[in-house]
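Visitor: I have a model open and would like to learn how to read its features one by one. Could you walk me through it?
Guide: Gladly; let us look at it together.
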Amino acid sequence: MLTVTGTRPRPRSLRRRAASLCAVLAALLGLMLAGATAASAHAALLSTDPAENTVVQTAPSEVTLHFSEQVTLSSDDLRVFDPSGKRVDSGPTGHAGSDDTTAQVQLIHGLAPGTYTVAWRAISADTHPVSGAFTFSYGHASATTAVAGEQATKGSPLVGALYGGSRSVQYGSYALLIGSVVMVLICWPGGVRLRSVQRLMLGGWAGLLLSTVAELLLRGPYAAASGLGGVFNLTLIQQSLGERLGTLLVVRILLLAAVGVFLSLLAGQAGIGRESGAEPRVGAGAAEDDPEAASRQERRLRVGLGAAWAVLAIALACTWALGDHASVGMQVALAVPLDMVHILSMACWLGGLATVLVGLRRPEAEGGVGAAQVARFSTIAMTSVAALVGTGVYQAWRGLGSWGALVSTTYGQLLLVKIGAVLVILAAAWVSRRWTAVLRAAPQPEPQPEPQPESEPQPGPDEAAGSDDPVRRAQLARQRALRAGVVTQRAREAAPARGMLLRSVLLEVTFAVIVLVVTTLLTNTAPGRAVTEQNAAIAATQNQPVNVTLPYSTGGPGDNANGKINIEIDPARTGLNTVHAYVFDNAGKPVDVPELDVSLSLAAKDLGPLPVTLDKVDLGHWAASNVELPLQGKWLLAVSIRSDAIDETTVSTTIEVG
């Protein structure tokens, strides 16, 4: 509990401590803001070498991935599996030269022909991990244990759930901590003496501290796709501390240490630990004999505490804004401060609601929150809601980029759920505001003591002081409890609006929890704008005309028995396409062959083979126009070539039709 024992510090000493605390927090805030850099959001894999779903005729010595933005890599982020599921990568994963938008790993020598699976992971510039898997073939396609490669990128579901849960707890704890203190400092100073309010403050502080430490420990296994056993792996912890997110988490822990100091100052200023009806002692010496001087000192001290708390709250909000979507992409200089305003408004509103809910559960005559305090908080809540709406509209525009992304992307769908929950909260807040007005207008009768029944003997002096008879003491205790219950019930009946206000605030808090959970999911989801832009970039690189070269050998005599066949398909998309085929000998000169046939098959849809009728155009050149490809997917391109009357062969590869 926020209890203080011993002699209270003088106000001047408290002010010096508060000023020192503000200076330290301002320095930490400046360091964090200085470290903010611009980048894109969620790295996308643009191309690979060897290319995805292709057949190469020369054994590759390395695998290289090209991303849409800078990525951070660990030594085991790029894994290559042969057809049997055995790893064939050699050495650690790194960048290709000085290009930090790439990932590269060396392969062992002596690769056997077949289909290989590449599993990869990387950390985007916005601190979120991205992963995936693809295949390529050397020599010819074959059956492969692709599941092993795909599983290498998924990680532990338990680690993912705990990691996401820790982030949800952080948002909720931050809201409880910030909102309860704001409510006490501005609206309800007497509330800090209630143990239920103290528990809110300490619960928010402890929950935020523990969940931040949990995220720091879980970050390593979450980013490395390992199990829960990696939580205390010193190597993974060191890697996490080297990331920007790890640095921000450490800064948050240091700030929470300062929050602990602040809460002790607040406890001392409020006189917590004294009787609830006692007036706090704010000074010594002459101030004790001068109520006006004491009041001025108290106001100055409260202003100092409020300023210190504002710096603390802003600094804590920075640790989120600088580590999530706001810190990357477009308009970073504007997005980061607006995201901080969004987080602070959320905390003041939802945390203050929770404090009001606690205060409403206790009658005003017994120290509960009153109509005046609720009305004062209502003004803060309206201001917070206005800030939330304004910054939320900007965040939605920045994250979505188009109306279509609102329904076509996971980010947009989650945003719709969040908007719906916020609308319910706003409706409940409107009802709460109406009941608050009724509560302020209604007269508050003083609760009357319960009269003693005539048949019940009045307690004598000895009984009032306490009797040695345990049965009688129990009877007196039951009578006191009954009278207290009657007083409480009459207070509630005297102001029925208080009960209705309690219900509407409870509805607000319930949907606030939903908003916090959805917010956590949004922070771990690629923004709709980024998804749209990355899909367009991938389409621009992958939906290019197909151009493949296949070596062939019929085993017969003549210059045309061995050589290469070059096939071009333009635009390699569904609909009409143009096909060109070129035949060259080993010296690279065009040659004629008696027969050349091309067919296409889509095994996933059990379609084909579809023959392509080629017309000879020139020496070694055949072409076909208006070739219909009805479906997108991975098509098998087969080319049959006959070099004389009896010698022929068929070569094939997989192509992507967009």
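Visitor: Is Y116 buried or exposed?
Guide: This is a predicted model, so every value here is computed from it. Y116 has 2% relative accessibility and therefore counts as buried, since the cut-off is under 20%.

Visitor: And F136, buried or exposed?
Guide: F136 has a relative accessibility of 1%, so F136 counts as buried.

Visitor: How do I read two rings as a pair?
Guide: A pair of aromatic rings is described by the distance of the centres and the angle of the planes. The model holds 8 aromatic pairs by the rule used here. In one of them, Y116 and F136 are stacked, with 5.7 Å from centre to centre and 15° between the planes.

Visitor: Which parts of the chain does that pair link?
Guide: Distant ones: Y116 belongs to strand 7 (residues 114–123) and F136 to strand 8 (residues 129–138), 20 residues apart.

Visitor: Which residues form an aromatic cluster?
Guide: Look for Y171, Y174 and W320, which form one cluster. W320 has a charged partner too: the charged end of R252 sits over the ring of W320, 4.0 Å from the ring centre.

Visitor: Let us turn to helices. At what angle do helix 9 and helix 10 cross?
Guide: Roughly 145°, and the axes of helix 9 (residues 332–360) and helix 10 (residues 371–400) come within 8 Å. The crossing of helix 9 with helix 10 is left-handed.

Visitor: How many residues of each class are in the contact of helix 9 with helix 10?
Guide: That contact has 18 nonpolar residues, 7 polar ones and 2 charged ones.

Visitor: Now the sheets. In what order do the strands of the open sheet with strand 1 come?
Guide: Here 4 strands lie in the order 1-3-6-5, with antiparallel pairing. At the edges are strand 1 (45–49) and strand 5 (89–96), each pairing on one side only. Neighbouring strands in this sheet are turned by 15° against each other on average, direction ignored.

Visitor: How many bridges are there between strand 5 and strand 6?
Guide: You will find 4 bridges between strand 5 and strand 6 (residues 99–107), in the antiparallel sense. To locate yourself in strand 6, find Q104, which stands opposite G94.

Visitor: What is the order of the open sheet with strand 12?
Guide: The order is 13-12-16-17, again an open sheet of 4 strands with antiparallel pairing. Strand 13 (607–612) and strand 17 (648–657) are the edge strands, and each pairs on one side only. The twist from one strand to the next averages 20°.

Visitor: What should I look for between strand 12 and strand 13?
Guide: Strand 12 (residues 595–602) and strand 13 run antiparallel and are joined by 4 bridges. L600 stands opposite L610 of strand 13.

Visitor: How many bridges pair strand 16 with strand 17?
Guide: Strand 16 (residues 633–642) pairs with strand 17 over 10 bridges, in the antiparallel sense. The two strands form a hairpin, with 5 residues between them. Within it, A638 stands opposite S652 in strand 17.

Visitor: Which residues lie on the covered face of strand 17, and which on the uncovered one?
Guide: The covered face carries T649, V651, T653, I655 and V657. On the uncovered face of strand 17 are E648, T650, S652, T654 and E656.

Notes: Residues numbered from 1 in each chain as written. Predicted model: local features only at pLDDT ≥ 70, side-chain atom pairs only at ≥ 80, totals over all residues. Heavy atoms only, no water. Axes fitted to C-alpha atoms, helices over the stretch in contact; angles between N-to-C directions. Left-handed = near helix turned anticlockwise from the far one by under 90°. Nonpolar A, V, L, I, M, F, W, Y, C, P; charged D, E, K, R; others polar. Phe/Tyr/Trp six-rings, centres within 6.5 Å; stacked < 30°, edge-to-face > 60°. Buried < 20%, exposed > 50% of the residue type's maximum accessible area, 1.4 Å probe, protein only. Lys NZ or Arg CZ within 6 Å of the ring centre and 35° of its normal. Pairing = 2+ DSSP bridges.
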